Amino acid sequence: MQSELSLLEQIKLEKIWDFPGGIHPSEKKDLSNQAPIANLPVSKRYYVPVKQHIGSVDDIIVSIGDSVLENQPLTSSNLTMTVPVHSPISGKVIAIAPHVSAHPSAQPELTIIIDADIEQVSAPLTPMTNWQDKDKVELTEQLKVMGLSGMGGAGFPTHIKMFPSKPIDLLILNGVECEPYITSDDTLMRYFSKEIVQGAEILQHIVSAKVCIIGIEDNKPDAIKALKAATKDIANIDVRVVPTKYPSGGEKQLIQLLTGLQVPSGGIPADLGIVMQNVGTAFAVKEAIIDGKPLTKRVVTITGETLKSPQNVWAKLGTPTQDLLDFAGHTPEKQQRIIMGGPMMGFSILDASTPVVKTTNCILAPSAKKLPPQGDEQACIRCGLCADACPAELLPQQLQWFSKAKDHDKLSEYNLFDCIECGACAYVCPSQIPLVQYYRTSKAEIREIEQEKIKSEKARVRFEQRQERLEREKQVRLAKHKASAEKRAKALEKDTSAKDKIAAALARAKAKKQASTDESNDSVSKSNTTTSSDSMPATKPANAAKDKVAEAIARAKAKKAAKEQQESAEIQADKKAQPVEAKTTSAEPVSTAEQERKAKVAAAIARAKQKREEAKAASQEKTAEPETKTNEPQAKGSEPQVKIEPKIGSEPEEETQLTAEQIRKQKVAAAIAKAKAKKAKSE
Ligand code: SF4
Ligand code: SF4
């Protein structure tokens, strides 16, 4: 149950709480903590893996054959979740190739292999003076550039932890070092307590923590004494001693010990306003900020019953394990086991060239008698000891079953990822079941599946983005085509309009020319009229001239037709008037003057008609002559004269016949009119 008090109120109580489970294995720390930290001699060859932290790897910035200086960066640090690696010595890059990794899987990792030279020259260091005046971003960037990642756990980049999601009240320095055999932090705290406290002050400054607590197990009295001395004049930094119990150095367990608070499942310390760093990391922070030194070395415990001189050494990163064992006077047993890390959480290495990395705290070469290897696995007897030992309050027995069955859903349901792989369950298991190995394998499988899912999701997103891009490009192309089509249509419209204008201009010009030709034709026509009807013109005009003539004739015809229409209307009126006249003559008295006038008018009309018909007949004869004689295609618009003599009420196919009949009728009408006029005159 969580406390009702605030975090700072909890801390002020100066109380040490407890956590569930835990074990008390034989410590065996006195093997290696009896002497100060030694300096390991320079090795002949160093293997520097480019990835020694959790996160990504940036570019390698050296090449094979390059001479490098000590502390020179070998990789860049532009990515967020990355920290660079630096050359631990001066020498020459002889290879950049996969090499056995300092990992339980021993999977080869890309490694920069450097042969040391004799001079051992360092690159210039970049210390930050007056760090108290520097802002958080500047200090954090320096930590990143100096290659700092957690030195007591999984290797989380230190600069990332400096930007927690919530305000931080408490900074905890972890100096518990609860695992048997290991004393690297113990000796560091004993001999470099001042530097560790300087590092703690810098970290506290960066995360704005109100309080800093250094947690140490009660089996390290010298370290406790040294740190209390180093912090006695510093407000807000306190040393707290916790009882020796494994795994009290676990992050969640130490928080519970010091504050009574539990980090929720799936949560992180920052959720409670807490940031935790290892004391080794605090030392590296001091060197990075105050001395400007990148992380190229660390304290490593070389211990075990098969070593002549177990001790702690300053080992440069990349040093082969064999060189450490040789330095400590290793006398291997038959089937000697070499463990990187402690007996609880470490892993066996099979290749002695496996290098020291940022998280390597111990090389253990135990005797088989003191630390027997894991026995053959037997069936679970459901004793429940594993559950009792688990500090994370998990059910190791059930997790083992689900791991064997690869039931990932059940493993998640039973909070596999809350397991800190402390090995307490396996330590107490009477059936010698390698429980932690099952959990590690299952975690790796689940992570791989999740990675595959992420990759698939990324691929899906990329595919969809590509489809969207192709669709966008298609739409752009279509829009362009549409715009081009509209442009062409407008251009065509303009062109048509221009053509129309040109055509109109041509028509006007033609009409004008035609007018002048008409005048000429008129004169020609007059000339032709004066000559005999069967005589030919003196000269024959070209087709154009013929057209003009035909057009002139057509116009004349039209003019004449209009006239005839009018006259025909008058004749019709006369015809209608005749019966009335007759009726009037027989039945009613009519004015003699009026009758005489009408008779005169009718006679005049009749004469005019006759004259016109005669003129028309003459004109038809003249018009027909050029067509029959020239044997040329008939000009467009011209027709035989006789056919375009429209008569009111006549049908086209009867035109010729009706015209003659009409003439006859008109002559009769004229004669009648004359007779009427004569009669009227006599009356
Ligand atoms: S301690 Fe071993 S034998 Fe006992 S329940 Fe757990 S797994 Fe089974
Ligand atoms: S290894 Fe995991 S399951 Fe086993 S005791 Fe530790 S935390 Fe519990």
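User: How many cavities of 30 Å³ or more does a search of the whole structure find?

Analyst: Happy to help: the search finds 4 of them. On a 1 Å grid over the protein atoms alone, a cavity is a set of points where a 1.4 Å probe fits but cannot get out. This is a predicted model, where local features need pLDDT of at least 70, side-chain atom pairs count only at pLDDT 80 or more, and totals for chains, interfaces and linings use all residues. Residues are numbered from 1 along each chain as its sequence is written.

User: What makes up the volume of the largest cavity?

Analyst: About 130 Å³ of space lies in it, a volume being the space filled by probe spheres set on the points, which are joined across faces, edges and corners.

User: Which residues are closest to the centre of the largest cavity?

Analyst: Among the 17 lining residues, they are Met151, Gly280, Phe283, Lys297 and Arg298; a lining residue has an atom within 4 Å of a point. Helix α8 gives the most to this lining, with 5 residues; helices are DSSP runs of H or I with at least four residues, strands are runs of E with at least two.

User: Why are β2 and β3 said to stand at the edges?

Analyst: The open sheet runs β2-β5-β4-β3, with antiparallel pairing. β2 (45–49) and β3 (67–68) each have a single partner strand, so one side of each is left without a neighbour in the sheet.

User: What makes β4 and β5 a pair?

Analyst: Pairing takes at least two bridges found by DSSP, and β4 (residues 91–99) and β5 (residues 109–116) have 8, in the antiparallel sense. One of the partnerships joins histidine 99 to glutamate 109 in β5.

Conventions:
Chains are lettered from A and ligands numbered from 1 in the order in which they are written. Side-chain values use heavy atoms; hydrogens and water are left out. On a 1 Å grid over the protein atoms alone, a cavity is a set of points where a 1.4 Å probe fits but cannot get out, and a pocket is an open set with protein on both sides within 12 Å along at least five of seven lines; lining residues have an atom within 4 Å of a point.
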